[in-house]
Amino acid sequence: MPAPPSARVTVVVATRDRRAGLARSLPRHEAHVILVDNGSTDGSPRFVRERFPRVEVVEAGRNLGAPARNVGVLRARTPYVAFAGDDSWWAPGALDRAAAIMDAHPRLAVLAGRVLVGEDGRLDPICGEMAAGRLGLEPDLPGPSVLGFLARGAVVRRDAYLAAGGFDDVVFFVGEEERLAVDLAAAGWGLAYVEDVVAHHHPSPSGDPRGRQALAVRNALLTAVLRRPWRVVAIGALAALRAGPAGRRGLRDAARTLPSALPLRRRLPPPVEAARSLLDP
């Protein structure tokens, strides 16, 4: 007998110092959970082991950022992996639906689900952009094509994810999805937004919104350095200079990381670059 769909998906959660969020989100997952702890100091690993003994806890020992998810994906033994944050979870039945869709669409590497934010369930604006379908529809995919996604609302094909290298420690965290998305597309995989696969996100208030803005600027520039034409990098750098203190801080931080990024630079195939350029401002 084939395994039920929920047995074909593992949920991977990366966390750091978010014990209260884990207490709320972990009971809501319907599949096996691998929790990768990024060096928490609030006792999260011990708390989870005692409170949720079925959760597989991996202690990274330090803050790996988004690449902590790679650790969880490597440990997973299912063909599909659903990501979640310590403040998010998948709606009932969502993972069964995702597994069935992935089974039916063998070129699909990333299923980008619909993310509803907060108690009122408002649509995440990024999902609205994906739903608009600016890249069109491909006949062998289950929804509009995308070249980005929200990690907390994505299900990936494990083998494709690992072959593309997963998330990288140049971008580290915030906006880390784009480099992986374009590399998967460059390898011939499909990525699609699927509205009826739903995740819930209940974010905690950000303690440093300006710092996060600077990090977003930094990472957008580094992603461009890694994969886009230099003209795109220059346009992004000029926009950062004009974006006030946070933009200039992001530009400085990106410049400091260039020695790590440049050896990994690789231009996208022309069709993928052409598609990505449709999403530029």
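Which residue forms a salt bridge with Arg-69? Let's find out on a walk through this predicted model.

**Stop 1: a buried pair**

Select Arg-69 and Glu-176 and show their side chains. The two form a salt bridge, and their closest N and O atoms are 2.9 Å apart. This pair links distant parts of the chain: Arg-69 belongs to helix H3 (residues 68–75), while Glu-176 sits in the loop between helix H6 (158–163) and helix H7 (177–186), 107 residues apart. If you switch on a surface, remember that both Arg-69 and Glu-176 are buried. Side chains of opposite charge can pair when their charged atoms come close. Across the whole structure, a search finds 22 salt bridges, and two more of them come next.

**Stop 2: a partly exposed pair**

Now select Arg-97 and Asp-196. Their side chains meet in a salt bridge, at 3.1 Å from N to O. Here too the pair links distant parts of the chain, with Arg-97 in helix H4 (residues 94–104) and Asp-196 in strand E9 (residues 190–201), 99 residues apart. Are these two buried or partly exposed? Arg-97 has a relative accessible area of 40%, so this residue is partly exposed. Asp-196, at 45%, also counts as partly exposed.

**Stop 3: a network**

Move on to Asp-168 and Arg-179, whose side chains meet in a salt bridge of 3.0 Å, N to O. Asp-168 lies in the loop between H6 and H7 and Arg-179 in helix H7, so the salt bridge ties together parts 11 residues apart in sequence. Asp-168 and Arg-179 are both buried. Keep them selected and add Asp-183, Arg-227 and Arg-266: salt bridges with shared partners join these five residues, Asp-168 and Arg-179 included, into one network.

**Stop 4: helix H10**

Next, select residues 244–261, which make up helix H10. Its 18 residues reach 24 Å from the first C-alpha to the last, close to the 26 Å expected at 1.5 Å a residue. Follow the helix along to Ala-255, where there is a kink of about 30°, shortly before the proline Pro-259.

Which residues of H10 are buried? Colour Gly-244, Ala-246, Gly-247, Gly-250, Ala-254, Thr-257 and Ala-261 to see them. The buried residues of H10 pack against helix H8 (209–227) and helix H9 (230–241).

**Stop 5: where H9 meets H10**

Show H9 beside H10. Two packed helices are described by the angle between their axes and the distance between the axes. For H9 and H10, the angle is about 140° and the axes are 7 Å apart. The two helices are therefore oblique to each other, because only angles over 145 degrees count as roughly antiparallel. To see the contacts, select Ala-237, Ala-240 and Leu-241 in H9, which meet Gly-244, Gly-247, Arg-248 and Leu-251 in H10.

**Stop 6: Leu-258 and a distant proline**

Stay in helix H10 and pick out Leu-258. Its relative accessibility is 28%, so Leu-258 counts as partly exposed. Apart from neighbours within four places in sequence, Leu-258 is in contact with Val-225 and Pro-263.

Finally, draw a distance from Leu-258 to Pro-205: their C-alpha atoms are separated by 31 Å, and the two residues are 53 apart along the chain. Pro-205 lies in the loop between E9 and H8 and is exposed, with a relative accessible area of 80%. From there, draw one more line to Pro-270, which is 65 residues from Pro-205 in sequence and 40 Å away in space, C-alpha to C-alpha.

Note on methods. Residues are numbered from 1 along each chain as its sequence is written. This is a predicted model: local features need pLDDT of at least 70, side-chain atom pairs count only at pLDDT 80 or more; totals for chains, interfaces and linings use all residues. Side-chain values use heavy atoms; hydrogens and water are left out. Helices (H or I, at least four residues) and strands (E, at least two) are DSSP runs, numbered from the N terminus. The expected span of a helix is 1.5 Å times one less than its number of residues. The bend at a residue is the angle between axes fitted to the seven residues ending there and the seven starting there. Buried means under 20% relative accessible area, exposed over 50%, partly exposed in between (1.4 Å probe, protein chains only). Contact means heavy atoms within 4.5 Å. A salt bridge is a side-chain nitrogen of Lys or Arg within 4 Å of a carboxyl oxygen of Asp or Glu. Axes are lines fitted to C-alpha atoms, for helices over the stretch in contact, and angles run from 0 to 180 degrees between N-to-C directions. Angles under 35 degrees count as roughly parallel, over 145 as roughly antiparallel, 65 to 115 as roughly perpendicular and the rest as oblique.
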